[in-house]
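Take the sequence and the coordinates together and follow the chain through a few of its local features. The paragraphs below go from one helix to its surroundings, then to charged pairs, a pocket and two loop residues.

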Amino acid sequence: MRRLRNVKIVATLGPASDSYEMIEALHKAGADVFRLNMSHGSHEEIREKHRIIREVETNLNSTIGILADLQGPKLRVGVFSGDSEQLVVGAHFRLDLDPSEGDASRVCLPHPEIFAALKPGASLLVNDGKIRLKVLECGDDFANCEVVIGGVISNRKGVNVPDVVLPLAALSDKDRADLEFVCELGVDWLALSFVQRPEDVTEARELAKGRAALLSKIEKPSAVERFDDILEVSDGIMVARGDLGVELPVQNVPPIQKRLVRKCRTAAKPVIVATQMLESMIESPMPTRAEVSDVATAIYEGADAVMLSAESAAGDFPIEAVTTMDNVAQEVEVDPTYTEIIESSRKADRMTVADGIVAAAREIAETTDIKAICCFTQSGTTALLTARERPRVPVIALTPLVNTARRLALSWGTNCVITGDVDRFKKAVVSAVRAAREEGFAVEEDHVVVTAGVPFNVPGSTNILRVAPCDERLLFAADLD
């Protein structure tokens, strides 16, 4: 299904969007990738959503990516005898391992690993930062704190520890079980929550065994500090601004977002900007102006994808939310300022033959009357390198592997076409021009650029470029092997 934009849309599925009719409508409205949140729903419910997505994909003959988002370690306080307590600024409050019900002076925090990492002066944030505690003294099983920002604290509220790297595995026992389940089910991307270090990603990769690409969610200050190392071992990135905005001053998040998006583009790895993009559309059919500007800003920055969470999973207007994102993206991408920003941020560093080939393809396409860049790709790398160039013409990614096509559904500007295996360059060119015509990107009178790697079916071997006429009679008349 051809889109009239390059940025991709990720829509989270949930109670508001779990039927065939709704999932089909969301894809038609613009959702390119569906997110399955492993924090909610049983394995059977996840299996059913997966089945419906693949049925929609088959019926519409349109490639759809599936992203499974692992829950990650959840840190929560225990319960209170009265279900909640009011914490007053300046008061002392104790966190400990005692499982008994809490009161206005203490509550259980059943995570000894937190106490092991804490130091006096560290901050603890409860309930998305609405309550802030400062550690005065601590030991292996307790932390005596001062209430810096007070409020109501209630049963099982989440705890954030922004000042320290916690000795926590990124994958809980639940995550490991979920990872194996969704990999066997056949998802395309795995999102790893609360990544703190590159080793967290390496552990998940060993478990995934190549069955899904790995996307690291950046939502902790420690992940920002070690971002370059995390990016190197990840296949993609999600800038998860929710927890990031809790653990860091909110004014720090926009420049971090901009910096991370640019680094991902330089590395030719997809990046999603996520969290509260159209939050008001959970209950309203219209977004706020600020939300529209937020979505537009992510697109101007060059993000590969923007994401809907509760808006499409539990909101009253999921289709309207996807349509709004689609409309904003189309409007931004025809703005001459968008082109100026994207092209001025293009990195010139090119280290490989493949880098040079895709750069040349983009320059040829933009300086002559070329209708599309057609790249043959086995692993998806050539398409990602082409997308990094952010060409002004459409990118058609041709691959014999459906899994590669589905993963590329997350990448900027890629229009994926499943082809048969090719073993000669002439056959590849013929397949490319047919795809360009059949998908509506070109007519017989037009030309396209074709890139490929010879020998074929060897990942990372892109080494050849041809400007090809879409008229097959001219192709067969040419001396082309």
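**Helix α14 and its surroundings**

Helix α14 covers residues 353–367, and its 15 residues should span 21 Å at 1.5 Å a residue; the end C-alpha atoms are 21 Å apart, so the expected and computed lengths agree. The model is a predicted one, and local features are taken from it only where pLDDT is at least 70.

The buried residues of α14 are Ala 354, Asp 355, Ile 357, Val 358, Ala 359, Ala 361, Arg 362 and Ala 365. Asp 355 and Arg 362 are thus on the buried list together with residues such as Ile 357 and Val 358. The cover over these buried residues includes the strands β17 (370–376), β20 (447–453) and β21 (462–469), as well as the helix α15 (381–388).

One residue of α15 shows this packing from the other side. Thr 382 lies in helix α15 and counts as buried because its relative accessible area is 6%, under the 20% limit. Leaving aside residues up to four places away in sequence, Thr 382 touches Val 358, Cys 375, Phe 376, Thr 377, Thr 451 and Thr 462. Of these contacts, Val 358 is one of the buried residues of α14.

Another helix, α10 (289–301), holds Tyr 300. Tyr 300 is partly exposed, since its relative accessible area is 23%, and partly exposed residues fall between the 20% and 50% limits. With residues up to four places away in sequence left out, its contacts are Val 332, Asp 335, Thr 337, Tyr 338, Ile 341 and Ile 342. Tyr 300 and Ile 373 are separated by 73 residues in sequence, and their C-alpha atoms are 22 Å apart in space.

**Charged pairs**

Side chains of opposite charge can pair when their charged atoms come close. The structure holds 35 salt bridges, and a few of them are described here.

Glu 48 and Arg 51 form a salt bridge in which the closest N and O atoms are 2.7 Å apart. Both residues belong to helix α2, three residues apart, or about one turn of the helix. In an α-helix there are 3.6 residues a turn, so residues three or four places apart point the same way. Glu 48 is partly exposed because its relative accessible area is 35%, and Arg 51 is also classed as partly exposed, at 42%.

Arg 226 forms a salt bridge with Asp 229, with 3.4 Å between the closest N and O atoms. Arg 226 is partly exposed, with a relative accessible area of 34%, and Asp 229 is partly exposed with a relative accessible area of 34%.

What does the salt bridge between Arg 390 and Asp 304 link? In this pair the closest N and O atoms are 3.6 Å apart. The pair links distant parts of the chain, 86 residues apart: Arg 390 is in the loop between α15 and β18 (395–399), and Asp 304 is in the loop between α10 and β16 (305–308). Both Arg 390 and Asp 304 are buried. Elsewhere, salt bridges that share partners join Arg 3, Arg 5, Asp 32 and Asp 326 into one network.

**The second largest pocket**

The second largest pocket holds about 890 Å³ of space. It is lined by 36 residues, of which Arg 3, Gly 413, Thr 414, Asn 415 and Phe 441 are the closest to its centre. Arg 3 is also a member of the salt-bridge network with Arg 5, Asp 32 and Asp 326.

Three elements, α13 (336–344), α16 (402–408) and β19 (414–418), each supply at least two residues of the lining. The most comes from β19, which gives five residues. By class, the lining has 16 nonpolar, nine polar and eleven charged residues.

**Two loop residues with positive phi**

Asn 61 is a residue other than glycine with a positive phi, near 50 degrees. Its place is in the loop between α2 (43–60) and β3 (65–69). Asn 61 counts as exposed because its relative accessible area is 70%, over the 50% limit.

Asp 128, which is not a glycine either, has a positive phi of about 55 degrees. Asp 128 is found in the loop between β7 (123–126) and β8 (131–139), and it is exposed, with a relative accessible area of 52%.

Key:
Residues numbered from 1 in each chain as written. Predicted model: local features only at pLDDT ≥ 70, side-chain atom pairs only at ≥ 80, totals over all residues. Heavy atoms only, no water. 1 Å grid on protein atoms, 1.4 Å probe; cavity = no way out; pocket = protein on both sides within 12 Å on 5 of 7 lines; lining within 4 Å. Points joined across faces, edges and corners; volume = space filled by probe spheres on them. Helix = DSSP H or I, 4+ residues; strand = E, 2+ residues; numbered from the N terminus. Nonpolar A, V, L, I, M, F, W, Y, C, P; charged D, E, K, R; others polar. Buried < 20%, exposed > 50% of the residue type's maximum accessible area, 1.4 Å probe, protein only. Expected span 1.5 Å × (residues − 1). Contact = heavy atoms within 4.5 Å. Salt bridge = Lys/Arg side-chain N within 4 Å of Asp/Glu carboxyl O.
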